[in-house]
Amino acid sequence: MQTIFINIKCRLGEAYTVADSLVQDVDEVSEVHSTSGQYDLLVKAYLADDSDIGHFVNERIHGVGGVADTFTTIAFKAFT
């Protein structure tokens, strides 16, 4: 399982709609948080080991209406 974090910049006034769409329509999305700063949302997603991260972000995340820009971080290890 691959864990990725995606910072999303939304078109003005569309952050709540984008967040709702991600939670409802993208099965790989685990959490969506609103954030301050350069980006509007922080998304945590789990992908199968054989999944292509670039295709996932390009097709599943950028395909959501209202998404203007993204910045993706790949997580290596979770510390608990």
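How many bridges pair β2 and β3, and in which sense do these strands run, parallel or antiparallel? In this predicted model, β2 and β3 are paired by five bridges in the antiparallel sense. One pair of bridge partners here is valine 29 and alanine 45, the latter in β3. The two strands make a hairpin with six residues between them, and glycine 37 in the turn shows a positive phi of about 105°.

**The sheet**

Let's widen the view. The hairpin strands belong to an open sheet of four strands, ordered β2-β3-β1-β4, with antiparallel pairing. At its edges stand β2 (29–34) and β4 (67–75); each has a single partner strand, so one side of each lacks a neighbour in the sheet. On average, neighbouring strands are turned by 20° against each other, direction ignored. As general background, strands of a sheet pair through backbone hydrogen bonds.

Here are the strand pairs side by side:

| Strand pair | Bridges | A bridge pair |
|---|---|---|
| β1 and β4 | Eight | phenylalanine 5 and threonine 73 |
| β1 and β3 | Seven | isoleucine 6 and valine 43 |
| β2 and β3 | Five | valine 29 and alanine 45 |

Strand β3 deserves a second look: five of its seven residues are buried, so β3 is largely enclosed by the rest of the structure.

**The helices**

Helix α1 (residues 15–25) packs on the sheet and touches β1, β2, β3 (41–47) and β4, with its direction at about 15° to that of β3. Helix α2 (residues 53–61) lies across β1, β3 and β4, and runs at about 40° to β1. At the N-terminal end of α2, aspartate 52 acts as a cap, with a side-chain oxygen 2.9 Å from the backbone nitrogen of glycine 54.

Which residues of α2 are buried? They are Ile53, Phe56, Val57 and Ile61. These residues cover an arc of only 95° around the axis, which puts them on the same side of α2. A general rule fits in here: an α-helix has 3.6 residues a turn, so residues three or four places apart point the same way. The buried residues of α2 pack against β1, α1, β3 and β4.

**The core**

Helices and strands come together in the largest nonpolar core, which has 19 residues; Ile4, Ile6, Ile8, Leu22 and Phe56 have the most contacts inside it. At least two residues of this core come from each of β1, α1, β3 and α2. Leucine 22 is a good residue to click on: leaving aside neighbours within four places in sequence, leucine 22 is in contact with Ile8, Val29, Val32, Leu41, Val43, Ile61 and Val64.

Note on methods
Residues numbered from 1 in each chain as written. Predicted model: local features only at pLDDT ≥ 70, side-chain atom pairs only at ≥ 80, totals over all residues. Heavy atoms only, no water. Pairing = 2+ DSSP bridges. Axes fitted to C-alpha atoms, helices over the stretch in contact; angles between N-to-C directions. Contact = heavy atoms within 4.5 Å. Core = buried A, V, L, I, M, F, W, Y, C linked by side-chain atoms within 4.5 Å. Buried < 20%, exposed > 50% of the residue type's maximum accessible area, 1.4 Å probe, protein only. Arc of directions from axis to C-beta. Polar contact = N/O pair within 3.5 Å; in protein donor to acceptor, adjacent residues only side chain to side chain.
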